[in-house]
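Trainee: Could we take a close look at the salt bridges in this one? I'd like to see where a few of them sit.

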Amino acid sequence: MVVTDGAGEVVWTSGAVAATAVTVETVVAVLQPRRRYDWALRVRGADGTWTPWASSAFETGPADFSDWTASWITLPARTRLRRTFALGSPVDRARVYLTGQGLVRAELNGTAVNADHLDPTRTDTSRALYRVYDVTDLLTDGLNTLEFVVAAGEWKRAGLDPRLLAELVVWHADGTSTTIVPDASSTTAGSRIAVDEPFYLERHDPLREAQPEWRRLASTAFLQPDGNASSHPASPPARVEADATPPTRVVSRRRPVELSRGGGIRLFDVGTNVAGRTRLELFGALTAGTVVRLVHGEHVGADGRLDTTNLMMPFDHGRERQVVEWVSAGVAGEVVEAWFAYHGFRYVEVQGVADDLELDISVGALHTDLAPNGGIRSDSDTIGALLTRAERTLLNNVHGVPEDCPTREQAAWTGDTASVAEYELAAFHSENFLSKWIRDLVTSQGSDGGLPAVAPDVRSPRLPADPVWGAALHRLLIGHWLHYGDAELVREVLPALRRWARFQLACIGPDGVISRSPISYGHDWLGLEQTPPEVHHTAATIDCLRALVRLEADFGDADAAATWSRHAHRLQAGARSRFYDESRGVFANGSQGAYACAIDAGILTGPEAERAAQRIEDDVRARGNRISGGFATTRTIVRALASTGRSQVIADMLEQPTAPGIGAMLASGPGTFWECWWIDPTNTGTGSLDHVGLGGVFAGWAWEFLAGLTPTSGGYRSFDIAPQFVAGVEELDLHTETPVGGIRFAYRISGDAADCRLDVPHGAVATVVDGQSAREYAGGHHEFSLPVRRTAAVAPPATEPWVAPSIAPVAADVTGPRDLLTDALRSSTARPADNSRLTTLAGLNCMPIPHAQPAGAVVEVTPVGQGPRPAVRIDFSDPLDGGDASFAYALVDLCDDRWQPGSLPRLRVISTDGSARQATAAAWPAGWVRVAVDLDDWPGRSSIAAVEISTEAPPTADDDPVMPRSEDELTGGFHLGEVGISTARRTW
């Protein structure tokens, strides 16, 4: 390969590189900024003959901030900046280099440069990414006008005005160049954007620009960058880099179907959920001042009107989100379209347009332009629907960063990507997109090594670290290495991954497991059944350590690999000791997620893992072919079932068409995956119908287990083919592009055998795994047969329609009486403390974060005055004989309107001899916390007189990042559910 500059001078050559496979060569040369280079490549075959030269060209941009002529400037949102200039000689080519903090629209001579784009790409506050636009054809001889309009976007969360760094470089035919930047001669005025409230309203009033009041750009607008690579947003960054990610832009247009019209309101249906912008062209004129509203949502109410309740947050108090408004200037041909906002929606309601006015409406799907990386075809409509919904949902949630949803938050929550990392890597050309986001995770990392749950995030302070959410870093890094073989990225990021691993190891408590994490985002966020946070935190940390073992070994540090391996083994042993009752085969609380964590993290192996997997399968069947996990354990449950040969159980989940569950997402809804396992239009906070975190896991299963493709060394130089055959899939065809070439694997089942075809890229090695045997295949086309071992599909039993909330089963380690609260309420022996009120609830459905509720009685304990914290006491008229009890426990839920963030649930057990034992538990939010008192060596357990349940004041008064702070002056309230004792060994 040869690289030459514009004068034809060679600046770098690789020389002849001998290789039997695809190689990666790095251009080791100093390339000048803003230059055009040519490169040429030829290949020599085995017979010694060289091919003709293949050639192309590339341009460089500014390599770092010192290459920029422009300065950082700050402008209030909605401001238009103008710079006029004249060109005196013919133009050869021209480029606009553009970045900022906030959102920027660039215009040249009245034409938008990036109209259908979302610029700049979001990243951490310590750096900025710029894009380049070819504007040669937009320039004219003589006077030209370069303009920028800025908006807040995500940057509003920083509480600072938007910032702009931009310049226009013009190369002339005579070899000279001109650079145009916003400088002291620039002027500013208000734009037509009258309201810029991200997530809520973008309002356009074209009359605002009819007679603008232009002012000179103030000297205070110019900012000095922060050269210390700080993540604090007070100053703009000096680290300015080219944006290698695919652009975030309108990639396609759709024509929605009109559903209804009347009273100046029209409702349109896009057909499926989409992320993007609505464009409305009005052919007739409206009365000047008329306000046209476009409201976007996912539901139509019983009254036939758009219902956006599920897209609101509790603090919205009913305010609509996702609205675009246009104040008419009274002329025909007006076009209503957002410049900066994008929305997630299926339905668009147009308000303020007369019923007889002719208009044209279209919807532009706007997202990061990730291209599919191949695909899977099969004869199963269900698998087809799964993969179609997965692709649509993931693309709706990539806008420079992987998001949770395109509606109410548009935030880069790490937990969603941690769940679907394998799918995103397998199904899309995501190399540059994910390498950029991995670097966002690194620059977002705290000084203590913790990874914030949202990254990048311009807010301060950032959300605390949860090992399950932070698993995005190690899963993406090792996955990126295996899929793309980018050694430079691994070497760059490994120090951050080591710091993250040490942070998690510092969360090991005296019980030998990860019990001191700063937070858990739910007890398995939105699961149908809780799994103790300590369990999935521990499993996620083991997963991280195993990834480090692999990466350290691959990159030549055997000693480091051995060290991380020892940490993993100690944590596995600690988890086994803490959570596993070997005599009963019980792990933790016995949830699907708990057993899956034990299998996937290698805490249980061999026959014990098989026994655990069978318990998962039995529970799935008992629930009507439904998974019970949430965002923390759904991926783990699917992998545990598949790794133990139970893909048929997963396939049967897909065929279950009624809510709650993945099958319901395929059989109904807007063609995307949902945030919850069921649809609830009244859910304000977690009711999105466009979340990839749950359903995307099953698409990852289709690639890795159903089709059986897994890379096993960097850049697919080796890979496994290990398909798991299931009923209902008789034919399958997978194809994918890799750095070493295309892979194709197809099979067709006939009787007890599958006729297979496999194309292996030259230089790669495929290992076909069949049970305990394995065969290697070198590059080329291969045909062979595999035995088909599969079980029959199992249809779910007929059941009554499910109604929220999910009812929690009895914990697996509870073998004694568990109705002590119910009995006390019947006998009136449950009493509130003097400053407390005790209210028996008919039922509890905690919102906005629904979670499983105990089957028995539930009471609300609230304060009624100043004094000690609220408490409830249960007295036993006949002392309770706990002579053979191992522990007492109570379930406490802090989702009360008057709870205090950080409160620690406390249980006190009192004996008739006057002695007492008590314990507190971690205050995990959004779930039922179990506080347990060990009784094994306490003589007083043989005659228990009473139990008291209360909460301790939090060590700090910080706001909780999950549950909102109470607005009531009297705090400390809680819900109390199941109270009991158990004779079994306590396993959580």
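Mentor: Let's go through some salt bridges one pair at a time, then glance at a surface patch.

Some ground rules come before that: this is a predicted model, where local features need pLDDT of at least 70 and side-chain atom pairs count only at pLDDT 80 or more, while totals for chains, interfaces and linings use all residues. Residues are numbered from 1 along each chain as its sequence is written, and side-chain values use heavy atoms, with hydrogens and water left out.

A salt bridge here is a side-chain nitrogen of Lys or Arg within 4 Å of a carboxyl oxygen of Asp or Glu. By this rule, the count is 65.

Start with R80 and E107, whose side chains meet in a salt bridge at 2.8 Å, N to O. R80 belongs to strand β6 (residues 79-87) and E107 to strand β8 (residues 103-108), so the pair ties together parts that are 27 residues apart in sequence. Strands, by the way, are DSSP runs of E with at least two residues, and helices are runs of H or I with at least four, numbered from the N terminus.

Are these two residues buried or exposed? Buried means under 20% relative accessible area, exposed means over 50%, and partly exposed is in between (1.4 Å probe, protein chains only). R80 has 6%, so R80 is buried, and E107, at 7%, counts as buried.

Next come E325 and R203, with a salt bridge of 2.4 Å, N to O. E325 sits in strand β26 (residues 323-327) and R203 in strand β16 (residues 201-204), so this pair ties together parts that are 122 residues apart in sequence. E325 is buried at 8% relative accessibility, whereas R203 is partly exposed at 24%.

Now try D770 and R789, where the closest N and O atoms are 2.7 Å apart. D770 is in strand β38 (residues 765-770), but R789 is in the loop between β40 (780-787) and α14 (820-827), so the parts tied together are 19 residues apart in sequence. D770 is buried, with a relative accessible area of 17%, while R789 counts as exposed at 57%.

Some bridges also share partners: R80, R82, R105, E107, E147 and E209 are joined that way into one network.

Finally, the surface. V257, L259 and V300 make a nonpolar patch of about 240 Å². Patch residues have over 30% relative accessible area and no salt bridge; nonpolar side chains (Val, Leu, Ile, Met, Phe, Trp, Tyr) are joined within 5 Å, like charges within 9 Å. Areas come from the Shrake-Rupley method with a 1.4 Å probe, and for residues only the protein chains shown count as cover. L259 lies in strand β21 (residues 257-262) and is partly exposed at 45%.
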